Amino acid sequence: MVNMSGQTSSAGQRIVLHADMDCFYAAVEMHDRPEIAGKPVIVGADPLGGAGRGVVSTCSYEARVFGVKSAMPIGQAYRLCPDAVYLRPDMAKYAAVSAEIMGIFKSTGCRVQQVSIDEAFIDASPVGSFAAARDLAVRLKQEIRDRVGITCSFGVAPSKIVAKIASDYQKPDGLTVVTPEEVPAFLAPLSVRKIPGIGGKTGAQLEALGITTIGELATCDIQRLVGAFGRSAGLLREAALGHDESEVVERDGVKSISKETTFAHDTDDPDEVAATMELLVTEVARALADEALYFKTVTVRVRYTGFVSKTKAKSLLHYHNDEAAIRSSAGELLRELWDGKPIRRLGLRLSGFRKQDAGQQTLF
Ligand code: TTP
Ligand code: MG
């Protein structure tokens, strides 16, 4: 469909698309059940009338009006919006929808880098111009609407970092094109927190220096940044300028997903260890969902005070992709592994991946 001979357009410029589905899990559910479309829909843990534990995975834009958002405790969401439609996540369904969307992106012939379950970069340099790249984004949005029944937002820009900021600029159902000449003016008024990877902590540190917008970050005295952030100062400045040379890369399959936590003080408190394991379970489950994978093997690693580590793994009979399967295996392994002595570090790892579970494999 497009000329793939080079990675840059005829004018030698890079053109990157970033696509991000709008309220992805909730959008899939609203498409499947027209009767809840247009309502506040919250996908996540069971609210149990306000007493539920666990968090919000995502919610529809109608629920966001009430202040509900991803990662909020479900009980808090329930207090904000008790009348919402509450649904448990159906990861197998979202993984299948994600695969269909990525297939649509790949059918362009452009290079595609999936970055999470609902997000991808597309190298549109071969289409030759920002106008043609905009048309491509319009077509892809329409195809996703027709074939999958949900909306998404696109950013089109000369680099991955600016494309990602642009896709977030007019959510939902947005399309924001930023040409190379427009980059400085586009970025300048935005909050530094719009830069991917600047979390609450860095955001607060910058604000303490009086730097709240990306424009201020782009022009402030670099020595002030070095004083506060050391070696990361240069990276922050580059991000503020929208400089990002990283390529859109199609990745090989992920081999494992692991998360670890080091305790502030070595601990033998079973409640603290269990709570930390629960956090790790949530984190690896999230990463697994982002990759739209099924796992077969769970590994727990405990490092005791004084560097002695113990590791134990367990392979399940079938492939799974649900948090409950991770939780029960991790709990079992921890019980078998931990002798009650103080722990310094706790780790959880998933491996043995496959794109689908065995039940979804075709006969051939
Ligand atoms: P996002 O793209 O961050 O969020 P979203 O698609 O729901 O909403 P937006 O319109 O703002 O893009 O995440 C994609 C999916 O990942 C989301 O639908 C649910 C899941 N998710 C979690 O399970 N927990 C989280 O904390 C976040 C942020 C997302
Ligand atoms: Mg999204």
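**Figure 1. The N-terminal end of helix H10 is capped by Asp221.** Helices (H or I, at least four residues) and strands (E, at least two) are DSSP runs, numbered from the N terminus. The model is predicted, with local features needing pLDDT of at least 70 and side-chain atom pairs 80 or more, while totals for chains, interfaces and linings use all residues. Residues are numbered from 1 along each chain as written, chains are lettered from A and ligands numbered from 1 in written order, and side-chain values use heavy atoms, without hydrogens or water. Helix H10 spans residues 222–229. Just before this helix, Asp221 places a side-chain oxygen 3.1 Å from the backbone nitrogen of Gln223. At the other end, H10 is followed by Gly230. The phi of Gly230 is positive, near 60°.

**Figure 2. Residues of the protein surround ligand 1.** The shell holds 15 residues (a heavy atom within 4 Å), and the closest are Cys23, Thr58, Tyr61, Arg64 and Asp118. Several elements give two or more residues each to this shell: strand E1 (16–21), helix H1 (24–32), strand E3 (56–59) and helix H2 (61–64).

**Figure 3. Ligand 1 has polar contacts with backbone and side-chain atoms.** A polar contact is a pair of N or O atoms within 3.5 Å; within protein, one must be able to donate a hydrogen and the other to accept it, and sequence neighbours count only through two side-chain atoms. From the backbone of Tyr25, an N or O atom lies 3.1 Å from an oxygen atom of the ligand. Ser57 also takes part through its backbone, with a polar atom 3.4 Å from a nitrogen atom of ligand 1. Lys171 uses its side chain instead: an N or O atom there is 3.1 Å from an oxygen atom of the ligand. On its own, ligand 1 has 560 Å² of accessible area (Shrake-Rupley method, 1.4 Å probe), and the protein covers 79% of this area.

**Figure 4. Lys171 and Pro172 are joined by a cis peptide bond.** Omega of this bond is about -10°. Pro172 is placed in the loop that runs between helix H6 (160–167) and strand E8 (175–177). Lys171, on the other side of the bond, also has a side-chain N or O atom 3.1 Å from an oxygen atom of ligand 1.

**Figure 5. Leu48 has a positive phi.** The angle is near 45°, in a residue other than glycine. Most residues other than glycine have a negative phi, and most peptide bonds are trans. Leu48 belongs to the loop between strand E2 (41–44) and E3.

**Figure 6. Strand E12 pairs with E9 and with E10.** Two strands pair if DSSP finds at least two bridges between them. E12 covers residues 343–351, and its pairing with E9 (residues 256–267) is antiparallel, over eight bridges. In this pair, Thr267 has Ile343 of E12 as its bridge partner. E10 (residues 295–304) also runs antiparallel to E12, again over eight bridges. Here Arg301 is matched with Gly347 of E12.

**Figure 7. A hairpin joins strands E5 and E6.** The connection between these strands is two residues long. E5 and E6 (residues 119–123) are antiparallel and share five bridges. Gln114 has Ala120 of E6 opposite it.

**Figure 8. The whole structure holds one cavity of 30 Å³ or more.** On a 1 Å grid over protein atoms alone, a 1.4 Å probe fits in a cavity but cannot get out, and lining residues have an atom within 4 Å of a point. The space in the largest cavity is about 30 Å³. Its lining consists of Met91, Ala95, Ile117, Leu288, Ala289, Ala292, Leu293 and Asn321. Two elements give two or more residues each to this lining, helix H4 (91–106) and helix H12 (270–291).

**Figure 9. The second largest pocket contains about 490 Å³ of space.** A pocket is an open set of grid points with protein on both sides within 12 Å along at least five of seven lines; points join across faces, edges and corners, and volume is the space filled by probe spheres on them. This pocket is lined by 25 residues, of which Lys106, Gln114, Glu291, Ala292 and Lys355 are the closest to its centre. H4 and strand E5 (111–116) are the elements giving two or more residues to the lining. H4 has the largest share, with seven residues. Ala292 also belongs to the lining of the largest cavity.
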